[in-house]
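Biologist: Could you walk me through this one? I'd like to go helix by helix and then look at charges and surface.

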Amino acid sequence: MEKQTSKFRWVVFASVLFTYFLIVSQRTAPGLISDQLMKEFSLTASMIGLLTSIQFLAYAGFQIPIGILSDRFGPNFFLIIGTLLNGIGTLIYSLAPNEYFLLLARLLAGLGDATIWVNLVLILSQWFKVKEFVGLLGIAGMAGSAGFLLATVPFSAWISVTGWRTPFFITGIILVLSALLLYYVLEKKSKQLFKTDAMKMKQKAPREKTMAVLRRIFSSRQAWAAFFCHFGLVGTYVGFIGSWAVPYGMHVYDMTRSQSSQLVMIGLVGALVGAPLTSWISSRFGSIKKPFVIVHVIAFISWLVLFYTGKPPYYLLVIIFLLIGYGNGSSSLTFAVVRKSFDIKEVGVVSGFANTGGFLSAVLLPSIFGKVLDHFHTASASIGYHYGFLIPVIFSLMGLIGGIFIKEKHQEAEQPSELPA
């Protein structure tokens, strides 16, 4: 029995997907209690900003190293440890007596989070054939969007009923239990069922030097195409939604905070639809590049309309948020490109490289956008946002160029299934 034809692969998929869903929810859930933390611990706005940035800086900084280590030693260990770190960080967060423990908690959560997506991609590469892989990446992206949704109204309602510590404590416990579940599924049970694979692990061929691998990847057109695809779709959406989307609705459309937050929900709905639908379209037509380029065109035009109008009619604004959310969900095709283009021994590090592109864009956009708003602070709010939208227009254009530069082979040979776990 082989991994890629066994029924057990669906147990692996469900276990990894549930863990990813939970971890993604904890990326943004702390933002729900910023005001409570400021009041309870007498924190400044700068400290709240540091709590957010330290998690994402840890995430960004470890993408390529985790990819290298996972390619060399297998993804199971790092996924299990990452989930455990995330759970311990969430538990410490729920019990924190002061801001120093809060910082430690978010650092641990960021380190744990850094291991998740790259290793999810690697594990799916090992357990599923290329044809299945593309569709399942879409479902994984959908699970991530569902995790973001969990961290909005449901988690907020839970906090309102019980206070903020209980939801984070219980989530931390579930994450620790998820790490134990992953150990049982990926290590203990898997080695019992696939003893021949365990034997082949001991017969590894000599590994290429890390610097040689990195030089080849950094000189690869396909790797940079994946980097810029993620840069253009993910960072523009996450960077804007996570920083200026709500203020934009409040300052330009005179919405309440609650009404403006609904724009974020609309984007999340688009992301939920985008991941599985675009993956299905890609599988249906046997092409990743064509639907991916179309998605990039749609995202670019959406940002261009925002830049050109500054304040489009509300119905058009809803459509635009839905479309940029759809683009973010469709970004899972970046990793389908990586899976089809690179040797399985390099999928981890190239996935980490591409993922860094999305995060880099998400870090740059809010700060540059903010500087533009500051420059036009004496003018009306709509003027500042009008010129600010030039930033995601440029970023999404870079993503479109990345999509155009993808090289797609029309006849793909299946990757061998005998892979080191």
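Biologist: Which residues of α16 are buried?

Modeller: Quick caveat: this is a predicted model, so local features need pLDDT of at least 70 and side-chain atom pairs count only at pLDDT 80 or more, while totals for chains, interfaces and linings use all residues. Residues are numbered from 1 along each chain as its sequence is written, and side-chain values use heavy atoms, with hydrogens and water left out. Buried means under 20% relative accessible area, exposed over 50%, partly exposed in between (1.4 Å probe, protein chains only). On that scale the buried residues of α16 are Pro291, Phe292, Val293, Val295, His296, Ala299, Phe300, Ser302, Trp303 and Leu306.

Biologist: How far does helix α16 reach from its first C-alpha to its last?

Modeller: Helices here are DSSP runs (H or I, at least four residues), numbered from the N terminus. The α16 run covers residues 289-309, 21 residues. The expected span is 1.5 Å times one less than the number of residues, which gives 30 Å for α16, and the model comes close to that with a reach of 30 Å.

Biologist: How many salt bridges does a search of the whole structure find?

Modeller: The criterion is a side-chain nitrogen of Lys or Arg within 4 Å of a carboxyl oxygen of Asp or Glu. One of the hits pairs arginine 216 with glutamate 346 at 2.1 Å, N to O. That pair links distant parts of the chain, 130 residues apart. The search total is five.

Biologist: Is glutamate 346 buried or exposed?

Modeller: Its partner, arginine 216, has 35% relative accessibility and counts as partly exposed. Glutamate 346, in the loop between α18 and α19, has 11% relative accessibility, so glutamate 346 counts as buried.

Biologist: Which residue forms a salt bridge with lysine 191?

Modeller: Residues three or four places apart in an α-helix point the same way, because there are 3.6 residues a turn. Lysine 191 and its partner both lie in helix α10, four residues apart. The closest N and O atoms are 2.9 Å apart, and the partner is glutamate 187.

Biologist: Which helix gives the largest share of the nonpolar patch?

Modeller: Patch residues have over 30% relative accessible area and no salt bridge; like charges are joined within 9 Å, nonpolar side chains (Val, Leu, Ile, Met, Phe, Trp, Tyr) within 5 Å. This patch is about 790 Å², and its members include Phe18, Trp158 and Ile173. Isoleucine 173 is partly exposed because its relative accessible area is 34%. The largest share, six residues, comes from helix α10.

Notes:
Areas by Shrake-Rupley, 256 points an atom, 1.4 Å probe, with all protein chains shown as cover. Helix = DSSP H or I, 4+ residues; strand = E, 2+ residues; numbered from the N terminus.
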